[in-house]
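Colleague: I have not looked at this one before. Can you walk me through what is in it?

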Amino acid sequence: MTSADPLLTGFTLAGVPLRNRYVMSPMTREFSPGGVPGDDVAGYYERRAQHGFGLIVTEGIGIDDAAAVDKPGIPLLHDAASIAAWKRVTDRVHAADGVILAQLWHQGPFRDPRGSRHPHIAGLRPSGIWGPGDGVVSITREQVEYLLAETRPMSESEIGDVIAAYGRAAAAAVEAGFDGVELHGAHGYLIDSFLWSYTNRRSDHWGGDIGARTRFAAEVVHSVRGSLGLRPLMFRFSQHKQQDYKARLATTPGELEALLGPLADAGVDAFDASARSFDLPAFEGSPLTLAGWARKLTARPTMAVGGVGLGKPFRPSDGGASLVEGVNNLDRVRERFAAGEFDLIGVGRAALNDPRWIERIAAGEPPLPFDPANLLRLT
Ligand SMILES: Cc1cc2nc3c(=O)[nH]c(=O)nc-3n(C[C@H](O)[C@H](O)[C@H](O)COP(=O)(O)O)c2cc1C
């Protein structure tokens, strides 16, 4: 690796030193039967640490709520078996000089109970609403029709229980040896569904204007911070939703500030701005990206993500499962980095595809094409 690459310089994330700026972006893999990650999952993350990723954010991990996640292969982190299994993962990552955050996940409206561990328990939704139903989505039309049926809004006690469950999940993450956590507050899942006006129509103190809709996320941040101590807490947010890729959480920088400011105040150390392309301008009239705006508005470090090392952005309609050519677009990434738009750069599909991706790029080798067959195995 050459030290001429500014992305290979170290960074300190809330007191935790990272050897470089390359982050393995969180990616659901569903290889954890019974919610317990095995040796194969540990090896998969260990290889990313061995081959140079400065930070790993795990796949989404279900928090301790029966309605948190759907597919049975999604990992959990709240019973003795899953905590011990994640400890084996974090030990191996640390032995390879890696740093690893657990991504805490509650799917909220997007969970499809059919085929889940708890098929008779409905998903949790702030106002019972799934989404508009006519947007570009990441699931089949049949699923959309099923999920569109309105459910009842979450009760006050359900909201309190879920906030407490996030706190327990963060405590379990500490016990399992994680360096910190990332909250999945993006893509239309539970936290995002409180932020988004389409799915949050509540007239109590959990709904209302953009500041009021941030309240649930801020309470989750408080709860998690209580268990984490000073360890890093990263918050992932996005404009787009899996229920509607054209949806926008904030239509102006002012709205984005109203949303992210309270989260920074509640204890978020860094924002992970999820976008389909790392260099997509967030608002008309400015080239600044979502990560760039988040950094400017909150003075917190940010991570940009989307399309790094690949010729095409993530395709929502096929869950990213298309063959995509590998390209070295790091010059464009470095330009944005030099302009001060972000501190960390997320690598999703290219990291899933090839554990040696950073070394290959640094050696001047062409990056491998993204092979969707790798979604079905742990490379
Ligand atoms: C197979 C797959 C699973 C994903 N699962 C998650 C997830 O669990 N949590 C999350 O926040 N993002 C998830 N994402 C989004 C990625 O983290 C990333 O933001 C997206 O793929 C864009 O980056 P890329 O163009 O480098 O792949 C997933 C993406 C893929 C391809």
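Modeller: This is a predicted model. A good place to start is Arg349, which has a polar side-chain atom 2.7 Å from an oxygen atom of the ligand.

Colleague: How much of the ligand's accessible area does the protein cover?

Modeller: On its own the ligand has 610 Å² of accessible area, and the protein covers 92% of that.

Colleague: Ok. How many residues surround the ligand, and which are the closest?

Modeller: There are 16 around the ligand, and the closest are Ser25, Pro26, Thr28, Gly307 and Arg349.

Colleague: What does Ser25 do there, in terms of distance to the ligand?

Modeller: Ser25 places a polar side-chain atom 2.8 Å from a ligand oxygen atom. With Gly307 it is a polar backbone atom, 2.7 Å from an oxygen atom of the ligand.

Colleague: And what classes of residue make up the shell?

Modeller: The shell around the ligand has nine polar, five nonpolar and two charged residues.

Colleague: Which pocket is the ligand in?

Modeller: The ligand takes up the space of the largest pocket.

Colleague: Different topic. How many salt bridges does the structure hold?

Modeller: It holds 22 salt bridges. One of them joins the side chains of Arg334 and Asp5, at 3.0 Å from N to O.

Colleague: Where in the chain are Arg334 and Asp5?

Modeller: Arg334 is in helix H10, residues 330-338, and Asp5 is in the segment before strand E1, residues 11-13. The two are 329 residues apart, so the pair links distant parts of the chain.

Colleague: Why can side chains like that pair?

Modeller: Side chains of opposite charge can pair when their charged atoms come close.

Methods:
Residues numbered from 1 in each chain as written. Predicted model: local features only at pLDDT ≥ 70, side-chain atom pairs only at ≥ 80, totals over all residues. Heavy atoms only, no water. Near = heavy atom within 4 Å. Polar contact = N/O pair within 3.5 Å; in protein donor to acceptor, adjacent residues only side chain to side chain. Areas by Shrake-Rupley, 256 points an atom, 1.4 Å probe, with all protein chains shown as cover. 1 Å grid on protein atoms, 1.4 Å probe; cavity = no way out; pocket = protein on both sides within 12 Å on 5 of 7 lines; lining within 4 Å. Sits in = over half its atoms within 2 Å of the grid points. Nonpolar A, V, L, I, M, F, W, Y, C, P; charged D, E, K, R; others polar. Salt bridge = Lys/Arg side-chain N within 4 Å of Asp/Glu carboxyl O. Helix = DSSP H or I, 4+ residues; strand = E, 2+ residues; numbered from the N terminus.
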